[in-house]
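Grab a pencil and work through these exercises with the model in view. Try each task before you read its solution.

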Amino acid sequence: MNLTAMGDLARGLTLRSRATEIKAQIETLSYEMSSGKVQDISGRLGGDYSQILDLDRNLARLDAFKIATSEAGLFTDVMQQSLTTFDTSVGEVSSSLLAFGTAKHTVTHEQASVQARNELDTMMSALNTRVGGRSLYSGVATDVSPLSSTDALLTALEAELTGLTTVTDIRAAAESWFNDPVGFDAVIYQGSDTPLASMQVSENERISIPITATDPAFKAALRDTAVAALVSDDALALGTDQRTILFTQLGVDLANAKDETVKLRAEVGAAEARVEEAATRNSAARTSLEYSRNQLIAADPYETAAKLQAVQFQLESLYSVTVRNANLSLVNFLR
């Protein structure tokens with residue numbers, strides 16, 4: 001009978017090779033246990049990456065939409081806040097004019113004009129609101145504030161109204177200047193006539209909010225408030241009765257103007273809702289895609305744990321054999 005003997009050097013090399021192989025298996029299984037996915041993705045997919053690449057592409061697109069919906073949500077939220085501020089100021093001016101402006105006293109007339117001046121500043125500041133370095137109401141010219149200063153507006157309007165002596169003439173001149181392309185739009189408005197481009201928040205949905213500081217609702221409120229701020233100015237030289245009549249008309253018109261600003265707030269609110277709905281749909285789609293991707297390359301935790309335990313036992317057994325071989329000697333054999 002032929003006996004095949006293995007030398008000590010060959011046996012040691014075999015044991016070391018086997019130990020290295022088992023350690024590599026342990027590293028692989030440990031990675032799969034911690035990550036929850038197989039390490040050999042190519043083997044799991046049979047070399048066909050088309051499906052997982054398509055899933056990755058769709059996930060990347062949803063990541064971009066997530067950023068877009070976040071920006072759109074912030075934009076519409078801040079716009080809603082600025083419209084609330086604007087609308088509140090319109091209400092404050094209207095109440096002031098109807099309360100103090102109609103009292104037929106010089107002092108109360110001056111108080112009404114001062115409050116109108118203060119609220120006009122608040123209204124223009126609201127329209128000059130910026131978010132993320134972009135102006136809300138400048139159209140595509142988001143790098144500039146849409147309106148110049150309150151002083152510039154009052155100075156330009158005062159020049160148009162000086163010398164007029166009747167309530168009708170004053171209101172007609174103010175309306176004409178605000179509607180004239182070379183009036184308010186040219187002197188005070190600094191933004192673009194082109195509305196802000198729509199924002200794409202999902203694969204097939206875009207959100208558009210084409211509101212600029214030249215919207216008729218804004219201009220009407222700014223016009224009446226600016227006129228109220230100038231009513232008590234000495235340059236107009238209006239009598240007490242004329243001031244009272246003018247304050248009353250402006251107060252009523254501003255109360256009605258709130259309806260138009262409410263419509264703008266409703267428009268922005270609808271856009272906010274659509275952004276939120278798009279974000280929810282995108283999140284659901286992402287969850288579904290991630291689940292599908294995980295199913296392709298997921299490692300079964302129970303199976304992986306069982307394999308890891310078996311391989312660890314093999315390594316321990318190999319170490320035991322190695323130790324026994326290391327202790328073999330002729331003396332021990334002869335004992």
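Buried means under 20% relative accessible area, exposed over 50%, and partly exposed in between (1.4 Å probe, protein chains only). The model is predicted, so local features need pLDDT of at least 70 and side-chain atom pairs pLDDT 80 or more, while totals for chains, interfaces and linings use all residues. Residues are numbered from 1 along each chain as its sequence is written, and side-chain values use heavy atoms, leaving out hydrogens and water.

**Exercise 1.** Find the salt-bridge partner of arginine 281, and decide whether each of the two is buried or partly exposed.

*Solution.* Start with the rule: a salt bridge is a side-chain nitrogen of Lys or Arg within 4 Å of a carboxyl oxygen of Asp or Glu. Arginine 281 pairs with glutamate 205, with the closest N and O atoms 2.4 Å apart. Next, locate them: arginine 281 sits in helix H9 and glutamate 205 in strand E4 (residues 205-207), so the bridge ties together parts 76 residues apart in sequence. Helices (H or I, at least four residues) and strands (E, at least two) are DSSP runs, numbered from the N terminus. Last, check the areas: glutamate 205 is buried at 14%, and arginine 281 is partly exposed at 43%.

**Exercise 2.** Do likewise for aspartate 185 and lysine 219: how far apart are N and O in their salt bridge?

*Solution.* Their side chains meet at 3.1 Å, N to O. Aspartate 185 belongs to helix H7 (residues 184-187) and lysine 219 to helix H8, 34 residues apart. Now the areas: aspartate 185 is partly exposed at 26%, whereas lysine 219 is buried at 9%.
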